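Colleague: I should like to understand how the descriptive terms for a structure follow from its computed values. May I put some questions to you?

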Amino acid sequence: MTKKLTLFTLLFTACCSIHAETIFDFEREDEQAPRFANKDWQIGVTNRYATSGNHSLFFHCASWKNGMARWPSFNLLPKITDWSGYDRLVIDLINLDDGGDFLGTYIAEKEGRIQNGLSAITSLPGRGYSQWVIPLKNWPKTADPKKVARLHLFASEPIHFKLHIDRITLLKRGEPLPIPEGASIGRDLLPLMTSTVRNVLEQKDAFTSEREHLESYWHLREACGRIGMDTTKMLVGTASSMVKIRPRAQFTATAAKEVSIRLARNERESVQLLVAPGDADLSNVTVTAGDLKRDDGTVFPAAQIKCALTGYVNITNKPPYQVGYATPDAKAPAGYRREKRIPGLGWWPDPILDYMTTTDICGRDVQSFWVRVTCPEKQPAGLYKGVLTVSAKDVPPVQIPFRIRVNDFAVPKKSPLPLAITFWPEVNPLANTPWQQVARKLANDPEFPINAWKPNRIAWGDFLADYYITMDSLYAKTRHQWDVLSHLKEQGRLGLFNLGYWSYFGNEENAEAKWRERELPQLKKNWETAKSLGLTDHLYLYGCDEISKEYFPNIRKAVEILKKEFPGVPIFTTAYDHEFGVGTELGCMDWFTPLTPKFDPTKAAAARKEGRQVWWYICCGPHSPYANMFIENAAIEGRILMGAQTVRMRPDGFLYYEITIWNMARPISCGPFTDWNPRSWTTYHGDGSWTCMGPGGMPLATQRLENFRDGLEDYAYALELERRLKRCSAPDGEWAKQARTLLDVPQDVMVSMTDYTDDPDAVLRWRDAMADLIEQFKE
């Protein structure tokens with residue numbers, strides 16, 4: 001305890017003893033703080049949530065709807081006008097609502113358009129405190145840092161916006177960030193102090209992250225030395241595919257004494273090989289695999305093993321979410337995460353750079369090589385032995401024993417769980433940003449990623465099918481790639497796809513006639529095409545995305561017509577009916593899809609008795625402690641969601657709104673430290689974006705997509721075990737009891753939807769135990 005207090009005291013003292021210019025703290029009348037109020041938004045000074053002195057500026061906005069002010073904004077007029085000698089502007093922000101909204105600024109001269117100024121934008125914290133640090137660099141030609149007269153702050157269609165602003169400070173190079181010291185600390189801000197200290201540490205002092213990385217590096221170096229590796233030359237470690245290894249932050253790895261993978265026929269499974277320099281930088285580093293052999297000489301071909309570089313994306317802004325979670329039960333199994341944490345800034349692993357197999361590794365960087373094994377459909381079962389070789393220029397190669405065990409059964413060619421997932425590349429530019437203007441100019445450029453995939457449609461279709469995804473769109477009527485769908489049908493890998501999006505009736509006169517004219521012509525055209533290609537068994541009709549209860553009567557009218565026009569095609573929605581049609585106006589609907597926190601197994605069972613299905617979905621929510629697939633989330637979450645949680649909860653399918661939001665002007669052009677923009681939807685990182693694009697418009701997977709597929713393969717194991725259990729001639733025998741225990745999902749893997757392991761070994765123990773029982777089964 002003494003050490004923690006001493007660290008905090010030192011941090012507090014260091015941060016407060018600075019020589020900075022506070023240009024606004026809303027304590028004096030001459031600051032001319034704005035005061036304004038209407039039904040849409042209010043601004044003024046209050047004696048709450050002060051981070052300096054006794055007062056802060058509140059800026060509260062009602063949740064935006066059509067007809068309300070789209071851009072609530074105001075000006076502050078600083079008395080210091082020459083900012084040329086300052087390095088950063090720091091603004092204390094306290095948001096009393098959920099996070100995710102934007103706050104933008106223009107720092108401008110007295111005359112001319114406000115948009116001529118230096119611009120910046122940030123995401124508000126969720127019910128918490130943060131510091132917005134604005135670099136005072138790269139001033140546009142239209143703004144003179146010596147003539148600053150206006151600090152313009154604005155929101156954009158705010159939803160969760162109850163903001164308090166305080167202590168706006170100019171800092172010179174080398175001056176540390178301040179932390180709260182106002183009268184509100186004890187009354188208002190004390191619950192936020194933990195996040196405050198984290199924020200200061202993240203933005204003020206990269207030393208902690210560097211120190212933790214060095215500690216991890218030396219732990220790996222010592223471990224490699226203990227197994228006889230020459231650590232002056234090169235370090236080689238291993239890590240699970242369910243773990244994200246950041247190249248310049250804290251990591252956990254095992255010295256590479258041996259690498260083992262177990263998988264079924266048709267399955268893909270991966271492991272990471274980690275390489276770091278010894279006493280000197282490494283160049284031309286590669287990882288290769290040769291053929292592996294059983295004791296009887298049977299070969300597992302090297303062509304089925306791909307060793308590609310993991311790529312990294314640079315996260316420079318805090319997202320509107322935390323990751324990890326607080327375990328509610330102190331007695332939870334070891335390995336469970338015990339605290340929420342704010343994702344760190346810097347380089348994060350995500351794309352798998354299949355086009356890159358060689359790299360240089362410098363300093364104390366730790367580079368991941370993604371070793372992906374694909375088991376052929378007819379590969380004989382058994383244990384295969386070989387080596388993985390790590391090579392670098394002027395360094396003796398390191399050979400790692402490599403074992404592949406092939407199970408005596410197969411996983412299916414197409415998804416074992418019905419899926420409805422949008423593939424349609426798009427951008428999501430933030431309003432009034434340079435990227436918005438660039439994206440508009442590039443709209444018809446063939447090298448723009450949202451266009452560059454199209455000449456490679458078949459390759460993209462095959463790539464997606466490798467991850468159990470069918471090229472599909474939830475939200476359009478005219479995006480069908482019929483040649484790709486027919487190609488997948490021939491391969492036996494075609495899943496479900498949407499006939500076309502549909503909406504509900506309006507309330508105007510002649511509503512039905514107008515609805516028919518608007519909705520049916522293209523749907524009928526798609527229906528005829530699907531029939532001619534023999535694809536009608538793969539259809540569904542998705543519509544009325546996340547629509548609320550007051551529209552249910554209008555939805556029902558549309559569903560009744562669709563059922564007559566397209567007999568046998570399931571009608572599908574994410575409308576907010578959490579009774580799933582039981583006793584509601586939407587009893588006519590075939591499939592319902594709630595968010596994972598709203599999935600209720602009891603209610604789902606009642607709906608199924610009436611002939612309906614109940615799927616589930618994720619999107620920008622839910623946040624921690626529920627599993628999701630943002631870049632900063634633990635990689636294991638995607639696998640747990642699609643595997644263990646799906647086995648336990650038994651949704652009828654999984655929906656996801658988009659996997660190709662690409663805010664990039666060009667495909668990835670470098671690596672392993674890539675230029676790919678991790679921002680996807682609004683200020684999220686990876687939400688709606690599970691894929692990347694490589695040179696020539698070709699597809700690249702992410703570590704998150706790999707874990708998504710691996711989870712579905714875990715689910716396929718459970719279904720195979722369940723099929724054999726149903727055929728078991730001794731339902732009360734020991735084999736059957738063990739099977740039922742595994743199908744219930746062990747507690748060391750998952751306690752609940754918010755309480756699950758982050759230990760890859762727990763997941764593999766469960767999966768391998770299912771494989772053992774499948775192989776032991778005798779008719």
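**Terms and the values behind them**

Modeller: The model is a predicted one. Let us begin with R648, which lies in helix α12, residues 636-649.

Colleague: Why is R648 called partly exposed?

Modeller: The relative accessible area of R648 is 24%. Buried means under 20% and exposed means over 50%, so R648, with 24%, is partly exposed.

Colleague: Which residues, beyond its neighbours within four places in sequence, is R648 in contact with?

Modeller: R648 is in contact with D744, V745, P746, Q747, M750 and V751. As for G495, 153 residues away along the chain, its C-alpha atom and that of R648 are separated by 23 Å.

Colleague: What makes α14 roughly antiparallel to α15?

Modeller: The axes of helix α14 (residues 734-743) and helix α15 (residues 760-776) come within 10 Å and cross at roughly 150°. Angles over 145 degrees count as roughly antiparallel, and therefore α14 is roughly antiparallel to α15. Their crossing is left-handed.

Colleague: Which residues of α14 and α15 meet?

Modeller: From α14, W735, Q738, A739 and L742 meet W766, A769, M770, L773 and Q776 of α15. Seven of the residues in this contact are nonpolar, two are polar and none is charged.

Colleague: Where does pLDDT stay under 50?

Modeller: It stays under 50 over residues 1-18, which have 18 contacts beyond four places in sequence in the model. It also does so over residues 325-338, where the model has 44 such contacts. The protein averages a pLDDT of 90, and 91% of the residues score at least 70.

Notes: Residues numbered from 1 in each chain as written. Predicted model: local features only at pLDDT ≥ 70, side-chain atom pairs only at ≥ 80, totals over all residues. Heavy atoms only, no water. Axes fitted to C-alpha atoms, helices over the stretch in contact; angles between N-to-C directions. Helix = DSSP H or I, 4+ residues; strand = E, 2+ residues; numbered from the N terminus. Parallel < 35°, antiparallel > 145°, perpendicular 65-115°, else oblique. Left-handed = near helix turned anticlockwise from the far one by under 90°. Contact = heavy atoms within 4.5 Å. Nonpolar A, V, L, I, M, F, W, Y, C, P; charged D, E, K, R; others polar. pLDDT = per-residue confidence, 0-100. Buried < 20%, exposed > 50% of the residue type's maximum accessible area, 1.4 Å probe, protein only.
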